[in-house]
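Biologist: I have a model open on my screen and would enjoy a close look at one part of it with you. Could you walk me through the aromatic rings, with a little context on the chain around them?

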Number of protein chains: 4
Amino acid sequence: MATVRETTYDLLRALGMTTVFGNPGSTEEPFLQDFPDDFRYVHALHEASAVAMADGYAQATGRPAHVNLHTAPGTGNGMGNLVTAWHNKTPLIVSAGQQTREMLLLEPRLASRHATELTQPYVKWSHEPARAQDIPAAFMRAYATATQPPTGPVFLSLPMDDWAQPAAGAPEVRTVATRYAPDPARLREFAARVAASRCPALVLGGAVDRAGAWPAAVALAKRLAAPVWAAPAPERAPFPEDHPHFRGVLPYAIGPLAEALAGHDTVLVVGAPVFRYYPHVPGDHLPAGARLLHVTDDPDETARAPVGDSLLADPGLALAALVELLPATDRPPPAPR
Amino acid sequence: MATVRETTYDLLRALGMTTVFGNPGSTEEPFLQDFPDDFRYVHALHEASAVAMADGYAQATGRPAHVNLHTAPGTGNGMGNLVTAWHNKTPLIVSAGQQTREMLLLEPRLASRHATELTQPYVKWSHEPARAQDIPAAFMRAYATATQPPTGPVFLSLPMDDWAQPAAGAPEVRTVATRYAPDPARLREFAARVAASRCPALVLGGAVDRAGAWPAAVALAKRLAAPVWAAPAPERAPFPEDHPHFRGVLPYAIGPLAEALAGHDTVLVVGAPVFRYYPHVPGDHLPAGARLLHVTDDPDETARAPVGDSLLADPGLALAALVELLPATDRPPPAPR
Amino acid sequence: MATVRETTYDLLRALGMTTVFGNPGSTEEPFLQDFPDDFRYVHALHEASAVAMADGYAQATGRPAHVNLHTAPGTGNGMGNLVTAWHNKTPLIVSAGQQTREMLLLEPRLASRHATELTQPYVKWSHEPARAQDIPAAFMRAYATATQPPTGPVFLSLPMDDWAQPAAGAPEVRTVATRYAPDPARLREFAARVAASRCPALVLGGAVDRAGAWPAAVALAKRLAAPVWAAPAPERAPFPEDHPHFRGVLPYAIGPLAEALAGHDTVLVVGAPVFRYYPHVPGDHLPAGARLLHVTDDPDETARAPVGDSLLADPGLALAALVELLPATDRPPPAPR
Amino acid sequence: MATVRETTYDLLRALGMTTVFGNPGSTEEPFLQDFPDDFRYVHALHEASAVAMADGYAQATGRPAHVNLHTAPGTGNGMGNLVTAWHNKTPLIVSAGQQTREMLLLEPRLASRHATELTQPYVKWSHEPARAQDIPAAFMRAYATATQPPTGPVFLSLPMDDWAQPAAGAPEVRTVATRYAPDPARLREFAARVAASRCPALVLGGAVDRAGAWPAAVALAKRLAAPVWAAPAPERAPFPEDHPHFRGVLPYAIGPLAEALAGHDTVLVVGAPVFRYYPHVPGDHLPAGARLLHVTDDPDETARAPVGDSLLADPGLALAALVELLPATDRPPPAPR
C-alpha cells in the first residue's frame, strides 16, 4: 500500500512540481529521505534564500514553485521574503515540517505552536491537515489556491510522522481556472468612457507582465495614442521601456503622482494597486477633474483604492478586449521622451 | 466643517444604505444620535435577530445591508448568525461600537479586545480604522469588499469618540464589478466536454439564484436535455422546483450522492460548493467514470473541492455563455418525476 | 480496549466534572450518546443560556464547569456570554463538536473553519487536537489551564468521529497550583509603604471574593482604619456591603473616581483591574499626590494599568500577609456612612 | 510641548533602556532621527542578528532589551530569532515602524498589513496603538508585560508619523513584580512528598539560572543528597557542571529519559518544561512508580506537561523555601561521575 509520502510525490510529479527549494532540518527529513531521482532539490544555506529562489523560479517559469522550510524557526527565517512573495503575487507552496502528532499536545522541542497562524498574514491559505491521509489532497488544494487569481503563496504545516503513514488513495488531479474575463456589460461601459476621453493616460502594473500581455498593452497604447506609465514600485516591468509611448515609473507619492498625470482626464490603470505610495506627500490622488478606471484580478486592490471605478479581470484578457472595443483615435501619438 | 458622522451618513446615503438594523448599546449612541429622518432604524431585541434580519433583507433586495451591533458582547451575540450569513454569501456590513480611543490602551469596560480578530473567521475583511478620519472611507472599502464576488460579510470596529471628530473630506463614491466572466478559452473547453457527454447531469447551487439566473439555467437544462438537481443544503432555491427536469435536492452524503447521479458521465455543477456533505458516509464522490465540471465565482470553493475541474465565473454569465456555445442535443428530455 | 469517549468520561469523573451544560446538535451526538448515569446533562434552549448557566454554576460551586456547544453556529451563539465569562475570570471548559476528520479538508456542512480562532480572543487556550487519541489529555490540559491563575475559559474543538476511536491509554490525572503567593521582598516593601501612609484607602475587586477573602479584607480594613470601596463594575461583591467601613462602588469614570478618593495619599487596590472605566470623563487617575498599589493575580491587569506599582499574588494570600506585616494604627476608624 | 518622540525617549531613559538594537529602514527614521547622545544604537546588518544580539544582551544583563525593526519585511526577517527568544523567555521589546496613519487604509508600500498578527504566535503582547499619543504608555505596558513572569518578548507596531505628534503628557513610570512565591500550603505538601521520597532526583531548567538560583539549587541538592540533571535542551546552564552531584543533560526522548531516571521514585523538576523531547521515542514518561513534582513560573508549562503535579513559583524562591522546609537526610550523597 502506498504511503502518504509516495502518494504526495506522485501528485507533485503529476503537477509538474519536481523541483523543491529548501533548507532542511530534522523535521523535514521524513519528507526528503529516499528523494526520487526525477526530483531536484535546490539547497539554500538560509531560508530567506530558499524562499527568494523559489519566488524567482516561479516568476521565471510562470509556474508555481515549492519551497520546503524547517519548523517554526526556519519558517520564521523565511518570513521576510514571504512578505515580498505576497506582494509579488507569486504562486508558491511553502511547506514546513512539524513535530510528530504523538507529541504535539505537550509542545515538545521543534513544535510549531500556532503553526498556521505564523504565516497567515502573508499567505492565501494556511493549513495543517487534520489527518496524515489528507496531506496529498492538501497539496492539491494548495496548488489550486496558489494558482487561481489573484495568485500568491500558501502554507502547509506537515507533522513529520505523517509521511510514513498509509495513504487513503490518491487525490484526483484537478485543474482550475487561472484567469477570468471582464463582465461584458461593465467592460463596454469602461470602453465607452475611455473612448469619450479627451486625453487618456495608461498606467500599468506588474500583473500585465505576469499575464504575458505586453503586446496587448502596446496595441492599446497605440489605439488610444496614449502615454504609458508604470505604476509606482512595479514588481515586474509592465511595458517595453524603450517604447516611444513609455514615460517611466510614476512617482511614489500622492501629490507628485497627480502632478505627473496633469492634463489627463481619464487614467486607465491595469494590473496594479492604486497606488504603492511610500513617502506620504499630501495632495489630491488625481489631477483636477480626472477620473480613474481600474482593471485588476485582485479584488482587494479594487476594494482599497482611494479613487476610481473598477473592473475585475485578468489584465491580459481585459487589455485585448479593450483593443477590440475601442475605435481608432485621431489624436496624434505622444511625442517620444 | 463636517464631522466624521455627517460624512459617513452622506456616504451611506450615496450608497443607498439608508436602512440600519441593530440592537444598540451605549457604544453605538454617538453614531445613532440625531439619526437622520431619511434613514430607517430597524430595532431588534437581540443581536442574533438583527443579523438575521439584515441577512434576509440583503437577500430579498439584492443589495448589501448594514447591521450595527454593540461592542464585544453584542458582536459575540451576533456571531452565530454571522456564520450563517457567511455561508449564505450575503453582502453585509457589520459595524460595531468600540470604546473611545483615549482609553483603549488600558482596556476599560466595554473595550473590545482584539476587536478585528473576534469576527475574522466569518468575514471577508475585519478592520478598525487607524484614525477617526478613515471611518467614511472604511465604509466605502467595506461596501466594495462585501459586494465583489464572492460576496459576503465584512466587519468594522468603530471607536465611539470618532464620530464627532472633524472629517478629512468625503471619500470618493466608487463602483466595483459585482461579477466576472469565464475565461473564454476555458469556457470553450468546458462546452466541448459537455457537448461530448453521453449523459450529462446539472447540479445547481444558491449562487444561480443570487445571479438571477433561473432563465439561463432552464435554457441550459433544455439545451442539454439534462436532469437538474439542487446541490445539497442550498442556501437559496437554484431552479424552479415544479420544472419537469427538476429532480430535487441531492443527498448530503458522499456515497448516496454518487448513487443518485448513477448513469451520468458528466456532472456540471454551477454555483455551489462540491459539496455540503453532512453525515460522513464513505464512498466515491462520483459514479464510476464520471467527471465533474465546476463553475462558481468563489475560488475557495474550487480550491477545496475533492473532485472536478473548475471555471471561475459569475454563474449567470457562465450559464448564458454555455447556452450560446452548446449545440442542441437529440437526447430525449428526462421524464418528469 | 477503551475508546476515546470512555477514557474522556473517566477523566471527567476523576476531575469531578460530571455536570455538562449544553445545547447539542448532531456534531455533539457521538460525545453524548450512552450518556453515563452518574453524569448530569443540563439542557439549555440556546447556547447563550448554556454558557451563562455554566458560568454561574462555576462561580457558585467554586469549581470549573463544562459547557458543550454545537459546531461553528452554536459556538457563535455562545460568544456573547463567553465575553462575559472571560471578564468574570470563570474557569470554563467550552467544548464544541467539529465535523469528522475524514472530510474536514473539503469543509463540508457544519465544519467549523478556523475553529480555534473563532473563540480565541476570549479564551486562555483554544485547541483542536492533532489526533483523536489526544482528546482525554487535551481535557486534562484544558482543566489545568482554566484553573490556574488568572482563571478563565478555554476551548476545545472536537471532531465527531474521534470519540469512537481506540484510546491510547488514559492521561495522568494531574493537579496544578490554583494560587500563588506574593514575592516576600516586594510584599514587605508594599507593607512599608502602606504603613507609612497618612490616610490609606482600600479598593477591592471581584477576585477578593473568588479567593474567599472577605475575612482577610475585613481584618485589613480594621488594621488600617481605612474606608473600603468596591472597584468600578465588580463582577462579584468584594466586601460586606453592610460593614461600617464600606463606602460603595467607585464611579466608573476617571475624573469622578479620583474625586471620590480625594484626601487619600495611598490607594491599595486588590483583586481588580485599574479600572473598569466606562464613559470617558477626562481627568487625573488619582487625587493629587496619591500613589496606587495594585495587587492581583492577573499580570495583564498589572501591565495595562495606567498608574500604580504592582504585586502579583493571590488576593487572599496577599491580604492575609499584609495583615500579618502591618502594625495597628492609631487612626480612628472611618465614620459609618 | 513635548512630542511623542521626546516623551518616549524620556520614558526609555527612566526605564534604563538606552540601548537600541536594530536594522533600520525608512519607516524607522522618524523614531531614530536626532538620536540622543545618551542612547546607544547597535546597528546590525540583518534583522536576525539584531534580534539575536538583543536576546543575548538581555540575558547577559538580566534586564529587558529593545530591538527596533523595519516594517513587515524587516520584522519578517527577525521572526526566526524571535521564535528562539520566545523559548528563551527573554524579555524583549520588539518595535517596528509602520506606514503613516494617513495612508494605512489604502495599504501603501511598506504598510504592514495585520501588523499585530504577524508576530503574535511568539510574543506575549502584540499592539499597534489606537492613537499617536498612546505610544509612550504602550512602551510602559510593553515593559511591564515583558518583565513579569513568565518573561518574554512583546511587539509594538508604530506608525511613522506618530513620533512628531504632540504628546498627551508623560505616562507614569510604574514598577511590577518580577517574581512570585509559591502558595505556602502547596509548598508544604511538596516538601512533605519530597521528604518522604526514598530516592529523589532533581531536574533543573534554564529558569533556575535566570533566577540567579545556583546557590539554592546546590543547597537543595546537598540537603536531599540527590543527583542533579539538566532538563533536555536547556536554554541556560541550570547548575554548576563540575559539581559532584551533576549528572549531565537528560536525553531528549521519552523512553531514554525515563531510563536515565530509573530507580528514582520522585522527580523534582524546577524551572523547565516537562520536557523538551525531540525525536519521538515511545515509552513511559517516568520510571515505573515514580511521581513528578513540577515547579515553574510559567503556567503554560505546567498545563501542558503530560505527567506531574505542579506548583507555580519563581524557581529561586521555591528552591530557597524547599531548603528551609526539608530536613537533612541520612542518605549518602551520589557518587561523583
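Biologist: To set the scene, among contacts in chain A between residues at least 6 apart in sequence, what percentage join residues at least 24 apart? After that, please take me to the rings.

Modeller: Happy to! Please keep in mind that this is a predicted model. The share you ask about is 74%, for contacts in chain A between residues at least 6 apart in sequence. Chain A has 13 helices and twelve strands, and its C-alpha atoms fill a box of roughly 70 × 40 × 30 Å along the principal axes. Of the 337 residues in chain A, 66% are buried. The area that chain A exposes is about 11,000 Å², with carbon and sulfur atoms supplying 54% of it. As for charge, chain A carries 27 positive and 34 negative side chains, and 7 Å separates the centres of the two sets.

Now to the rings. Over all chains, the structure holds 42 aromatic pairs. One of them joins Tyr9(C) and Phe31(C), whose rings are stacked, at 5.2 Å centre to centre and with 10° between the planes. The pair counts as stacked because that angle falls under the cut-off of 30 degrees. This pair links distant parts of the chain: Tyr9(C) belongs to helix 1 (residues 4-14) of chain C, while Phe31(C) belongs to helix 2 (residues 29-32) of chain C, 22 residues apart. Both Tyr9(C) and Phe31(C) are buried.

In chain A, you can pick out a cluster linked by ring pairs, made up of Tyr9(A), Phe31(A), Phe35(A), Phe39(A), Tyr41(A) and Trp163(A).

Rings also meet charged side chains across chains B and C. Arg113(B) lies over the face of Tyr122(C), 5.9 Å from the ring centre. In turn, Arg113(C) lies over the face of Tyr122(B), also at 5.9 Å from the ring centre.

For a contrast with the buried pair of Tyr9(C) and Phe31(C), turn to Pro215(C), in helix 10 (residues 214-224) of chain C. Pro215(C) counts as exposed because its relative accessible area is 58%, and the cut-off is over 50%. If you would like a second landmark, try Glu128(C): its C-alpha atom is separated by 42 Å from that of Pro215(C), and the two residues are 87 apart along the chain.

Methods: Residues are numbered from 1 along each chain as its sequence is written. Chains are lettered from A and ligands numbered from 1 in the order in which they are written. This is a predicted model: local features need pLDDT of at least 70, side-chain atom pairs count only at pLDDT 80 or more; totals for chains, interfaces and linings use all residues. Side-chain values use heavy atoms; hydrogens and water are left out. Rings of Phe, Tyr and Trp (its six-membered ring) pair if their centres lie within 6.5 Å; planes under 30 degrees apart count as stacked, over 60 as edge-to-face and the rest as tilted. Helices (H or I, at least four residues) and strands (E, at least two) are DSSP runs, numbered from the N terminus. Buried means under 20% relative accessible area, exposed over 50%, partly exposed in between (1.4 Å probe, protein chains only). A charge sits over a ring if NZ of Lys or CZ of Arg is within 6 Å of the ring centre and within 35 degrees of the ring normal. Contact means heavy atoms within 4.5 Å. Accessible areas come from the Shrake-Rupley method with a 1.4 Å probe; for residues, only the protein chains shown count as cover. Lys and Arg count as positive and Asp and Glu as negative; His and the chain ends are not counted. The place of a charge is taken as NZ of Lys, CZ of Arg, CG of Asp or CD of Glu.
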